Amino acid sequence: MSDRSQLILPIPPPPADAMTPFVPARMVNEWVYCPRLAYLEWVEGEWADSADTVQGKRAHTRVDKGGGRLPAPDELDEEMSQARSVTMSSERLGVIAKMDVLDIRDGVVMPVDFKKGKRPHVAAGAYEPERVQVCVQAMILEDNGYEVEQGAIWYVGSRERVRVNLDEELRARTLEAVRDLRGAAQTRTRPAPLENSPKCPRCSLAGICLPDETNLFNRGYPPRPLNPSDDPALPLYVQTPRTRLRKKGERLIVESQDETVEVRMIDVSQVALFGPVSVTTPALHALMRAEIPVSWFSTGGWFLGHTIGTGNGNVAVREAQYRAAFSERRSLSFARDLVNAKVRNSRTMLRRNWRPERGAEDKQDAMAGLKRIARRALHADDAQQLLGFEGEAAAIYFSQFEKMLAPSGSEGFDEFSFTTRNRRPPTDPVNAMLSLAYALLARTLTTTVSATGLDPYMGLYHRPRHGRPALALDLMEPFRAILADSCVIQAVNNGEVKPNDFVSNGPACSLKPKGRKALIAAFERRLDQVATHPLFGYRVSMRRMLEVQARLLARHFQGEIVKYPHYLPR
Ligand code: SF4
């Protein structure tokens, strides 16, 4: 008997009542593997596919089809038979399992769990989490009146069956895991991330859990280069008037008068529709089911709203967000850092992109002025004072904005000028581009924030107002110059957008379809550019950077990170 078994008392978890959700056997497996993983998936509803999870689904394709029949306990006879994909629960233990295969022989039932991959070469024949999962299945069968002597695991990769010995030690470990998982769910105690664990780099939830990033703040460990992989799916923009979007199988068909384009749904992260574009009901249903948000814009690029599915069901993170937003102290502390970061990033933008041919006379004054305001923002008395600092900084930044545009006569450049920021409506081409770029960034962050489980409409600096994605706008502030302004500057300086790509209507200036297409392309390219995270040191696309920041904010709201680290590139 091992030391461990001597410490475990086989106390069953309290019986489940009508209000207690049954714990799936698969989650008990994950709890033993990593308690935080089980909590994130089962309690907070987080999920992300990885190569491992996709392979796992494939390994179950055959058994998931079902087949055979499990007779009632008193009907079992000497015959050998098999039943596949049988779901059963135990109220005593408060657990439920979908059992891949049940082998029935001489009146005894043996649960056989299917696992992808090859049999591991470990003394017990299989890893502990997998044995615990089989043990849950066996105990459920026993509670339903079946006789079980042992379990088994079928390793699809090596086509080997490994017996699972249902001894007292395994049973005690299983009961302990069920009890602890239910206890964590009831007390809403999210387990801490594993420390420097080899499990994390291959965990499908690493990009959501952020184990090393969270540990960096709390324990000071330097993060491993745990590079959250990029989602290869990209936004689909539809902006030709009277285009129709429909669904065919697993593909989206975009039909306009001039052309028909097909895209696989798995390649689409979100759909952005400009002006009079229609979507069929089956296509909308499929997009909602796949949690692909559809954003609606006016013809002029004004962000109107979203159509989304049921969304991320993580209520705990929204509760924590509301608690932070209702606390004046926490909101002010967050807002001070936010305005400081926004002003510092505007300064970084000017410093990096100031064109030498524009002269350097005003540069030092602008740099010093922005630095001073950023510092003062950290000591603001209230949000009103912060708004004043933000206005002062914007006045300095936009008075020098033209210094970042290539002057007339530069290669690839046509005439563009900029004197001051104006909007609603923008009255000149550069302002029209800035307005569209900000709308694109707000839309991107609204969907990013929603995907993390946060409520994009409840901000800490931007206060809630009907239809305003206040939290997305909060998160957007430090990125305005770095992402939106920078894509406008690139589009102008590279000659991607020309002065004849604009149309004026009264005082309003807006982009023609060709210019808008070019600016959207520049914006998406900017999001795809890779940068080093200033704190963690790994390189990710700016698109992924936005998600990392949103998830860090969720961790901050939930108390795992004391101070939210705003994005501050050097
Ligand atoms: S990343 Fe690591 S700590 Fe986080 S859930 Fe996965 S295994 Fe657990």
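# A guided tour of the predicted model

Begin with the open sheet, in which four strands follow the order E7-E11-E13-E14 with mixed pairing. Select strand E7 (234–238) and strand E14 (303–307) to see the edges, where each strand pairs on one side only. Averaged over the sheet and with direction ignored, neighbouring strands are turned by 20° against each other. The model under view is a predicted one.

Next, keep E7 in the selection and add strand E11 (residues 268–274). The two strands run parallel and are joined by five bridges. Within this pair, display Tyr237, which stands opposite Ala272 in E11. Then add helix H18 (residues 513–528), which packs on the sheet and touches E7 and E11. The direction of H18 makes about 175° with that of E7.

Move now to helix H13 (residues 363–377). The end C-alpha atoms of this helix of 15 residues are 21 Å apart, in agreement with the 21 Å that it should span at 1.5 Å a residue. Colour its buried residues, namely Ala366, Met367, Gly369, Leu370, Ile373, Ala374 and Ala377. Looking down the axis of H13, one finds these buried residues within an arc of 165°, so they line one face of the helix. What do the buried residues of H13 pack against? Their partners are helix H12 (328–353) and helix H14 (383–399). Rotate to the other side of H13, where Gln364, Asp365 and Arg375 are exposed.

The next stop is Arg551, located in helix H19 (residues 542–557). Is this arginine, Arg551, buried or exposed? Arg551 counts as buried because its relative accessibility is 7%, under the 20% limit. To see its surroundings, select Glu46, Gly207, Ile208, Leu210, Ala451 and Thr452; Arg551 touches each of these residues, with those up to four places away in sequence not counted.

Finish with the cysteines. Display Cys203 and Cys487 together to compare their settings. Cys203 has 23% relative accessibility and therefore counts as partly exposed, whereas Cys487 is buried, with a relative accessible area of 1%. A disulfide is a covalent bond between the sulfur atoms of two cysteines. How many disulfides are there under the distance rule? With a pair of cysteine sulfur atoms required to lie within 2.5 Å, the count comes to zero disulfides.

Technical notes
Residues are numbered from 1 along each chain as its sequence is written. This is a predicted model: local features need pLDDT of at least 70, side-chain atom pairs count only at pLDDT 80 or more; totals for chains, interfaces and linings use all residues. Side-chain values use heavy atoms; hydrogens and water are left out. Buried means under 20% relative accessible area, exposed over 50%, partly exposed in between (1.4 Å probe, protein chains only). The expected span of a helix is 1.5 Å times one less than its number of residues. The arc is that of the directions from the helix axis to the C-beta atoms. Contact means heavy atoms within 4.5 Å. Two strands pair if DSSP finds at least two bridges between them. Axes are lines fitted to C-alpha atoms, for helices over the stretch in contact, and angles run from 0 to 180 degrees between N-to-C directions.
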